[in-house]
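Q: Please take a close look at one part of this model, the ligand site, and set it in the context of the fold around it. I would like one connected account.

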Amino acid sequence: MRKPFLVLALCGVLLAGCSGGGRSAVDANEAITVGFSQVGAESEWRTANTRSVKEALAVPEFRLRFSDAQQKQENQIKALRGFIAQRVDVIAFSPVVESGWETVLREAKAAGIPVVLTDRAVNVSDASLYATLIGSDFVEEGRRAARWLVEDSEGRPEPVRIVELQGTVGSAPANDRMRGFKEAIEDDDRFKVVRSQSGDFTRAKGKEVMEAFLKAEGRNIDVLFAHNDDMAIGAIQAIEEAGLKPGTDIRIVSIDGVRGAFEAMKAGKLNATVECNPLLGPQLAQLVRDVHAGRAVPRRVTVDEGVFTRDQAAAELPNRKY
Ligand code: GYE
């Protein structure tokens with residue numbers, strides 16, 4: 001934490017030595033060591049997010065220690081403790097679930113290591129346990145999915161029977177997307193969520209749970225709301241295998257806006273996707289720089305995002321970066 005001030009002071013005295021002489025911009029032992037604990041590799045979104053973080057931190061200014069938690073909080077806690085033991089300069093992580101972080105975050109604080117949350121939020125009573133959170137507004141994403149549905153349901157038969165594929169139980173995006181979606185339709189009697197279950201953000205689980213929904217509800221499903229595109233893509237397969245037409249017999253709206261979703265929309269099988277931008281690497285790098293230097297950072301940094309529908313898919317596909 002104190003290192004950069006020392007470096008700056010030295011630069012002031014030995015200006016020539018710091019700025020010239022053919023030395024690399026950042027000396028290896030001056031690099032900011034960042035311990036990053038990723039959720040896993042559960043979705044296209046996550047793959048793009050990992051790539052973005054790794055790319056942004058793959059410059060001499062940083063030394064990255066990357067750890068994959070395989071969607072398990074216990075692995076993530078272990079990784080954080082490892083980073084603390086190694087005395088990294090900054091810890092960044094994308095918490096699998098919201099609760100259960102107080103103890104390990106207190107350990108990081110006691111060791112003087114600032115923490116940057118990326119993508120997902122935590123539930124802690126002491127706000128000083130992390131410096132900032134960079135990520136999307138998941139409640140708003142849930143609302144956007146619902147607003148699309150309300151608009152697309154104009155003039156269609158009522159009631160509209162909805163099944164919901166939730167993300168990982170206890171995760172911020174699952175909790176918030178569910179809340180935002182529900183909030184936006186609960187005063188409208190036309191809409192009924194008849195089943196809601198977790199598909200853990202993966203294609204395989206999305207397919208499996210959709211099969212169970214179809215078995216239980218038969219042909220009485222009008223809409224699928226999936227908390228991410230991967231689960232929707234898995235569910236599309238289940239719907240086709242049941243002899244129904246995804247996108248027509250069952251309208252589908254999901255979240256993320258990954259390439260696979262645009263392809264499914266182009267094929268007419270997915271109706272809409274709400275964008276959730278995974279390319280947080282550059283903004284994360286800046287926050288790491290700032291907290292390491294002791295500069296003030298905003299508590300919450302959100303990302304700008306939109307909604308895309310089937311009629312826009314073909315034109316938008318070449319512009320997609322993930
Ligand atoms: O929507 C999903 C991923 O936390 C925003 O996690 C992220 C979510 C994303 O598995 O695809």
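A: The account below starts at the ligand and then moves outward to the two sheets, the loops and one helix.

The model is predicted. Around the ligand there are 13 residues, and the closest are Glu-42, Asp-119, Arg-120, Asn-228 and Asp-256. Two of these also make polar contacts through their side chains. For Arg-120, a side-chain N or O atom is 2.8 Å from an oxygen atom of the ligand. For Asn-228, a polar side-chain atom is likewise placed 2.8 Å from a ligand oxygen atom. Ser-43 has a polar side-chain atom 3.1 Å from an oxygen atom of the ligand. The ligand taken alone exposes 300 Å², and the protein buries 100% of that area.

The UniProt record, in an unreviewed entry, places the feature "domain: Periplasmic binding protein" at residues 34–278. Across this range the chain is 41% helix and 22% strand. The C-alpha atoms at the two ends of the range are 19 Å apart.

Next, the sheets. One is an open sheet of six strands in the order 2-1-3-4-5-11, with parallel pairing. Its edges are strand 2 (62–68) and strand 11 (300–302); each has a single partner strand, so one side of each is left without a neighbour in the sheet. From one strand to the next, the twist averages 20°. Strand 1 (residues 32–38) runs parallel to strand 2 and is joined to it by seven bridges. Gly-35 has Arg-65 in strand 2 as its bridge partner. Helix 4 (residues 73–85) lies across strand 1, strand 2 and strand 3 (90–93), and its direction is at about 170° to strand 1. The loop between strand 2 and helix 4 holds Gln-71. Gln-71 is not a glycine, yet its phi is positive, at about 60°.

The other sheet is also open and has six strands, here in the order 7-6-8-9-10-12, but its pairing is mixed. Strand 7 (191–198) and strand 12 (307–309) stand at its edges; each has a single partner strand, so one side of each lacks a neighbour in the sheet. Neighbouring strands of this sheet are turned by 20° against each other on average, direction ignored. Strand 6 and strand 7 run parallel, with seven bridges between them. One bridge pairs Leu-165 with Gln-197 in strand 7. Helix 9 (residues 229–241) packs on this sheet and touches strand 6, strand 8 (223–226), strand 9 (251–256) and strand 10 (272–275). The direction of helix 9 makes about 155° with that of strand 9.

These ranges help to place two of the ligand's closest residues. Asp-256, one of the closest residues to the ligand, falls in the range given for strand 9, 251–256. Asn-228, also among the closest, lies outside the ranges given for strand 8 (223–226) and helix 9 (residues 229–241).

Two further places deserve a check of the backbone and contacts. The peptide bond from Glu-158 to Pro-159 is cis, with omega near -10°. Pro-159 sits in the loop between helix 6 (138–152) and strand 6 (160–166). Glu-102 belongs to helix 5 (residues 102–110). Leaving aside residues up to four places away in sequence, Glu-102 touches Asn-123, Val-124, Ser-125, Asp-126 and Leu-129. Glu-102 and Phe-213 are 111 residues apart along the chain, and their C-alpha atoms are separated by 37 Å.

Methods. Residues are numbered from 1 along each chain as its sequence is written. This is a predicted model: local features need pLDDT of at least 70, side-chain atom pairs count only at pLDDT 80 or more; totals for chains, interfaces and linings use all residues. Side-chain values use heavy atoms; hydrogens and water are left out. Two strands pair if DSSP finds at least two bridges between them. Helices (H or I, at least four residues) and strands (E, at least two) are DSSP runs, numbered from the N terminus. Axes are lines fitted to C-alpha atoms, for helices over the stretch in contact, and angles run from 0 to 180 degrees between N-to-C directions. Contact means heavy atoms within 4.5 Å. UniProt positions are given in the numbering used here, feature names are shortened, and annotations may be inferred rather than shown by experiment. A residue is near a molecule or strand if one of its heavy atoms lies within 4 Å of it. A polar contact is a pair of N or O atoms within 3.5 Å; within protein, one must be able to donate a hydrogen and the other to accept it, and residues adjacent in sequence count only if both atoms are side-chain atoms. Accessible areas come from the Shrake-Rupley method with a 1.4 Å probe; for residues, only the protein chains shown count as cover.
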